[in-house]
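Grab your viewer and work through these exercises one at a time. Each has a task, then a solution that goes step by step.

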Amino acid sequence: MSGEVPGRSSAARRLARGPRPESVPALIGRSCALVGLVDIAAGVFPRFRHSRMHAIAEVLPGALGPFAAALSLSTGVLLLLLAHGLKRRKRRAWRAAAVLLPAGAVGQFVYRHSILGVLVSVALLVPLLRHRTEFAALPDPRSRWRALANFVLMGAGSLALGLVIVSAHPERTVGDPSVAERLTHVMYGLFGFEGPVAYRGDTSWTVAFSLGALGLLTAVTTVYLAFRPEHPAARLTEEDESRLRALLRKHGGRDSLGHFALRRDKAVVFSPSGKAAVTYRVVSGVMLASGDPIGDVEAWPGAIERFMDEAKAHSWTPAVMGCSETGGEVWTRETGLDALELGDEAVVDVADFSLAGRAMRNVRQMVRRIERAGYETRVRRVRDLGEAELDRIRRAAEDWRGTDTERGFSMALGRIGDPADGDCLVATAHRPGEQPGPYGDLKAILHFVPWGEDGVSLDLMRRDRSADPGMNELLIVAALQAAPKLGITRVSLNFAMFRSALARGEKLGAGPVLRAWRGLLVFLSRWFQIESLYKFNAKFQPRWEPRFVVYRASGDLPRIGLAAMQAEGFVHLALPLPPALRRRLPRRPCAHDRTERDTGRPEGSDVRTA
């Protein structure tokens, strides 16, 4: 790292103290949720409405006159919907609550003449208004697909809650209706029609109004989400990409992950001087950056400050995945966040690499065996490939991906052969003389992105499942041997999660805690390729560079982990759609992954990160 990182500005020092306390918004959000649950219980369960608890619940917003059950249920659902937004300091949630609570107070006074009911509504409204400046967060990126998600989720919730409502009056139900009849009654009731289940007395009106209120809430929220102005998630514009490429030409040698900032499904914030930038994606309310900031290290604090300002403006949880030790030090010093070692990146220095020696015996034997089988390798820059061959490589990489979901975020570029990526490196394996397949004699592909002027970083690895095992070893060795002619002195391979724990845990003298932790990692390797990826990397005798995750609080780590797995493609939280409709949906710009990488096993599964 050249030069000292400058001292923090006053704004950075404010950031170091962390965001303003969120205790008031969190308390108001929890209060909203509690009132909502009480109102729902009062609207659903008749015994609760006649209990001592209901004497308290009656003075909560939502218990208004002869339609108390339906109104209580509606208000409870609305308050539950608002609670999460209030906890996240969302301005729109505050506005809705500020309207709902006075309406509840007026209703309490007009319908029930309840002074206590008015006081309870006002007691909730006063802190809401007093701390209104706390609720300034902007809306999250959205699209109209959220309306479909709302319809499915609210519809399912309404069906479940409606079944409880229909079944909550056994002493007033006529006969013994079956589950199918109850579900039919719920379906009819959500649309405002009378169903097959009959009740004695006024219970039928209570059930009808409650089901109608649920159906109305589902319809109104879905229509609102469908017709509100579109606000799509941010994407990298051509101007942003041009500015990032200019920064990478000057400072791209600092971080092996720098070129992955050019993924076109990321957004970017620049420092005030424009000399540094941070790229990110928002996933499930987590603002995920990856790698180190791009550009001049002197300008990193300005870009980091802009990143934190953006996170605060939207009430997103800030996090950084896979930053270097230097990057982690700057992030933690400038923001007051914390850092945790995530794993190690395997980096091979070309000058030190050799197939000679006992340590490289397994790799040497595997490579020679494959070469004797008639395989050939070619290592070229993308700009040196013809369009027909590039198209064949793209189609093969897509066909050999091995998963339905595109993977990769922090260590994947998401494309091959773009005209702007002419410096990228492609290593291919061929088997001449064999019956040509759909991609000719092409059998395996490695794709590398530039790492400054004298390095490359592994992006993806794909191979034909019918090819011999060991394609990865063959192509990595071929790339390392061709590197000097291409002016390459260092090659970044894979990222091995929890590598140090695996390495120390198997050594003589490791303590019981370390051995137990290693045992757990080995167990998890049955589903996530943790140990196998570490062992695969170790074959090439690399040096290990630690990588870190930066986070705000320990309680955020599960949420950050889930968001990272979603971004990398390991977890896909989407509505189940028919294959025909799924094929018509627009695809993300990322098309290839660095998170999976072939370990040379016969099945040829790809693995990049665990």
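Before the first exercise, some vocabulary: on a 1 Å grid over the protein atoms alone, a cavity is a set of points where a 1.4 Å probe fits but cannot get out, while a pocket is an open set with protein on both sides within 12 Å along at least five of seven lines; lining residues have an atom within 4 Å of a point. Grid points are joined across faces, edges and corners, and the volume is the space filled by probe spheres set on the points. Keep in mind that this is a predicted model, where local features need pLDDT of at least 70 and side-chain atom pairs count only at pLDDT 80 or more, while totals for chains, interfaces and linings use all residues. Numbering starts from 1 along each chain as its sequence is written, and side-chain values use heavy atoms, with hydrogens and water left out.

**Exercise 1. The cavities**

Task: find the cavities of 30 Å³ or more and describe their linings.

Step 1. Searching the whole structure turns up 2 of them.

Step 2. The largest holds about 60 Å³ of space. Its lining includes Leu248, His251, Arg254, Pro293 and Trp300. Helix α11 (238–251) and strand β4 (294–295) each give at least two residues to that lining. Helices (H or I, at least four residues) and strands (E, at least two) are DSSP runs, numbered from the N terminus.

Step 3. Sort the lining by class: 4 nonpolar, 4 polar and 3 charged. Here Ala, Val, Leu, Ile, Met, Phe, Trp, Tyr, Cys and Pro are nonpolar, Asp, Glu, Lys and Arg are charged, and the others, Gly among them, are polar.

Step 4. The second largest cavity holds about 30 Å³. Among its lining residues are Leu257, Ala261, Thr279 and Ser290, and the classes come out as 3 nonpolar, 4 polar and 2 charged. Asp255, Gly258, Asp292 and Ile294 appear in the lining of the largest cavity and also in that of the second largest.

**Exercise 2. The second largest pocket**

Task: which residues lie nearest the centre of the second largest pocket, and which element gives the largest share of its lining?

Step 1. The volume is about 790 Å³.

Step 2. Of 32 lining residues, Met321, Leu342, Met497, Phe498 and Gly561 lie nearest the centre.

Step 3. Elements supplying at least two residues include β5 (317–323), β6 (338–349), β11 (490–497) and α20 (557–568). The largest share, 7 residues, is from α20.

Step 4. By class, the lining has 23 nonpolar, 6 polar and 3 charged residues.

**Exercise 3. Two positive phi values**

Task: place Ser284 and Phe498 in the chain and say whether each is buried, partly exposed or exposed.

Step 1. Recall the background: most residues other than glycine have a negative phi.

Step 2. Ser284 has a positive phi of about 55° and sits in the loop between β2 (276–283) and β3 (286–290). Its relative accessibility is 43%, so Ser284 counts as partly exposed (buried is under 20% relative accessible area, exposed over 50%, partly exposed in between, with a 1.4 Å probe and protein chains only).

Step 3. Phe498 has a positive phi near 55°, this time in the loop between β11 and α17. At 24% relative accessibility, Phe498 is partly exposed.

**Exercise 4. One side of a helix**

Task: why do the buried residues of α13 lie on the same side?

Step 1. List the buried residues of α13 (residues 325–335): Gly327, Gly328, Val330, Trp331, Glu334 and Thr335.

Step 2. These residues span an arc of only 165° around the axis, so they sit on the same side of α13. The arc is that of the directions from the helix axis to the C-beta atoms.

Step 3. Just after the helix, Gly336 has a positive phi of about 80°.

**Exercise 5. Core and contacts**

Task: which residues touch the most other members of the largest nonpolar core?

Step 1. A nonpolar core is a set of buried Ala, Val, Leu, Ile, Met, Phe, Trp, Tyr and Cys residues joined through side-chain atoms within 4.5 Å.

Step 2. Among the 44 members, the answer is Leu244, Leu288, Met321, Ile393, Leu442, Ile445 and Ile560.

Step 3. A separate, second core has 36 residues, including Val350 and Phe536.

Step 4. Beyond four places in sequence, the contacts (heavy atoms within 4.5 Å) of Leu442 include Ile393, Trp400 and His430.
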